[in-house]
Amino acid sequence: VKNQKELRKFEAENVPMSDIIKLLPDHVANQIAAGEVIQRPASVVKELLENALDAQATEIKLIIKDGGRTSIQVLDNGVGMSETDARMAWERHATSKISTAGDLFKLNTMGFRGEALASIASVAHVEMKTRKHNEEVGTLLAIEGSHLKRQEPVSVMPGTSITVKNLFFNVPARRNFLKSNPVESKYIIDEFMRVALACPHLSLYMYNNDQEVFALKAATLGKRIKDIYTDRKDEQLLEVAEKTSVVSVQGYVGSPDSAKKTRGEQYFFVNGRFFKDPYLNHAVVAAYEELIPKDCYPLYILHLEIAPDAIDVNVHPQKTEIKFSEEKIIYQMIRSVVKRALGKYIQTPEMDFNPEIISGGANAPEMPFQPRVESKQGYNPFSPQTPRNGGGGDWKKMFDPYAGQSFSERYEKEQEASLFPVPELKTAASHLIYTKEYENSCFQLHNSYILSQVKNGLLILDQQAAHERILFERYLASFENQKLPTQEKLFPKVIELDAADFELLSELTDDLARLGFDISAFGKNTVIVNGIPADVKSVNEQELVEGMLESYKLGMTELRLEKRENLARSMARRTCIKGGDALGATEMMQLVEQLFACENPNYSPDGKPIFGRVGMADLQQLLGKR
Ligand SMILES: Nc1ncnc2c1ncn2[C@@H]1O[C@H](COP(=O)(O)OP(=O)(O)OP(=O)(O)O)[C@@H](O)[C@H]1O
Ligand SMILES: [Mg+2]
């Protein structure tokens, strides 16, 4: 250091050019949605990838070990950081992306809170190497649990590389809460795929335990989708494109016949940012109405472009929730563009196998639909708790009963629902078994409920819920006791899955074997099903496996179920008798008998009451008798 004056002059001339990170003033920092940023390895991946995007990288590599538990590394060829910025980046509320509260409504970057790196550094061991393109040397920085351990010049390629090791080394509760490596890897793959689909123009690579998971060259969105979903490479994707003064929508949707039983191929992006929105999801699903079965999910990858001041990203610390000022218009628009794409597809000549659907005429944008009788599943007119009608209300609520509730609220609700059987019902159940009055007196109502005369009244039993309970307990027992028998397939079925589902399935193979499955890996992202549980009637192995994975994923993320319980539940749900299935007298009786032999005959695995009783007194009241 020559002298202070000279140094200041040097700083004034040079520093502002290359140093861009500033601390947000308190009043701005306080307006940013606060909360936990890093919950699991996948959150680290999300934040590092987003930083690389903001740094205008054109190539990004993600390298993880052991589901991110041991290490996560992200390398980018973006703008890099100056020596001072390299240090500043790890401070809380330090960002180069915004400086005033008003900037929150002019966002064109993924980041804006100046939180991510500080949050990561507080719970892990990190090392960063970074270099700006116009500088000769880079900076190396090592931080452990927010403490700076090392800072020195380093010779490195332009860009930034950040390695995060020993995540949650100082938060044992968090570390113990993590799932198995394949499950954590799956979450990471999900984050990676979101970026891959958000930015097809970038080259992206991912390696897990030294194995290549993705090697994606810069491409168009259509090509990128096919590169990611290798199982869909021969399918037709339907292009969607529309622009209005409020919003532009562009992307792809899957054809109705390619809809899957599993979720996970549904993506919305706004200005390049992935977000979740049950309301807008409904807009897409509504466009497919009647073209796909209720429990199938169409693929969609839709990019919205909207003026940054017409959306609010600052709603949730994880930034996957967005508020739109023109929500209704966007809903209408999405629904109509998807409908139009589907209309075109259905009218193309090669689809001419179903003249009924095409008879609407060449220009008819709306497809003629078969009128359908809607049955209200689970609606019990005798139970005052059952809502009369869900119609006309808030769409979000209808689609997602938990809309507007936080994760922990949902979790508690679910727990409550499944943990507290009502004691009187238990007594009623044992009484039923004892008297066996239901024998020879079963009647099936609308192929969904079994009615039976019992002492002093009428028993009404939900056949689906009952069978789900029976199977659930049987499957759970198979983990403890004897493995269930397998029916070996004469023609084993090869199923191609996406990378995330493949990881998940590999982790479940042993437990699935106890349930009677014979599944093994068969090349990259492919499994072969040699056998299925002997008592499963469904012959479509693909549907069975996909459907089960779908329920399993839901149980994993929404309800955080323990692995085997989740598996037993998912299997039971997939293979049980459904509402609408006609049953013979013997089947009905067996069902009732098996139900009351269950440990907990009162509730379905997800906490729905299985049966109810209408007493003679209730009947008399209903019919106005004195
Ligand atoms: N890969 C990178 N390349 C260049 N600069 C980076 C990189 N990662 C982080 N930075 C710099 O570090 C700053 C802090 O990053 P950090 O992720 O903590 O906050 P942010 O991205 O500004 O906001 P958010 O918390 O919402 O992610 C960024 O504003 C950016 O200037
Ligand atoms: Mg960031």
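The following dialogue explains how several terms are applied to this structure.

Colleague: What kind of model is this, and how are its parts numbered?

Modeller: This is a predicted model, in which local features need pLDDT of at least 70 and side-chain atom pairs count only at pLDDT 80 or more, while totals for chains, interfaces and linings use all residues. Residues are numbered from 1 along each chain as its sequence is written, chains are lettered from A and ligands numbered from 1 in the order in which they are written, and side-chain values use heavy atoms, with hydrogens and water left out.

Colleague: How many helices and strands are there in the protein chain?

Modeller: The protein chain has 20 helices and 24 strands. Both are DSSP runs numbered from the N terminus: helices are H or I with at least four residues, and strands are E with at least two.

Colleague: Why is Cys-576 called buried?

Modeller: Buried means under 20% relative accessible area, exposed means over 50%, and partly exposed lies in between, with a 1.4 Å probe and protein chains only. Cys-576 has a relative accessible area of 4%, so Cys-576 is buried. Cys-598, at 12%, is therefore buried as well. Of the 626 residues of the protein chain, 48% count as buried.

Colleague: How many disulfides does the structure hold?

Modeller: The structure holds 0 disulfides. The term requires a pair of cysteine sulfur atoms within 2.5 Å.

Colleague: Why is Asp-210 called exposed?

Modeller: The relative accessible area of Asp-210 is 63%, which is over 50%, so Asp-210 is exposed. Asp-210 lies in the loop between β9 (203–208) and β10 (211–216), and its phi is near 70°, a positive value in a residue other than glycine. Most residues other than glycine have a negative phi.

Colleague: What makes β9 and β10 a pair?

Modeller: Two strands pair if DSSP finds at least two bridges between them. Because 5 bridges join β9 to β10, the two strands meet this requirement; they run antiparallel. Tyr-205 stands opposite Ala-215 in β10. The two strands form a hairpin with 2 residues between them, and Asn-209 in the turn has a positive phi of about 45°.

Colleague: Why is Glu-290 called partly exposed?

Modeller: Glu-290 has a relative accessible area of 35%, which falls between the two cut-offs, so Glu-290 is partly exposed. Glu-290 lies in the loop between α9 (278–288) and β15 (300–306). Although Glu-290 is not a glycine, its phi is positive, at about 70°.
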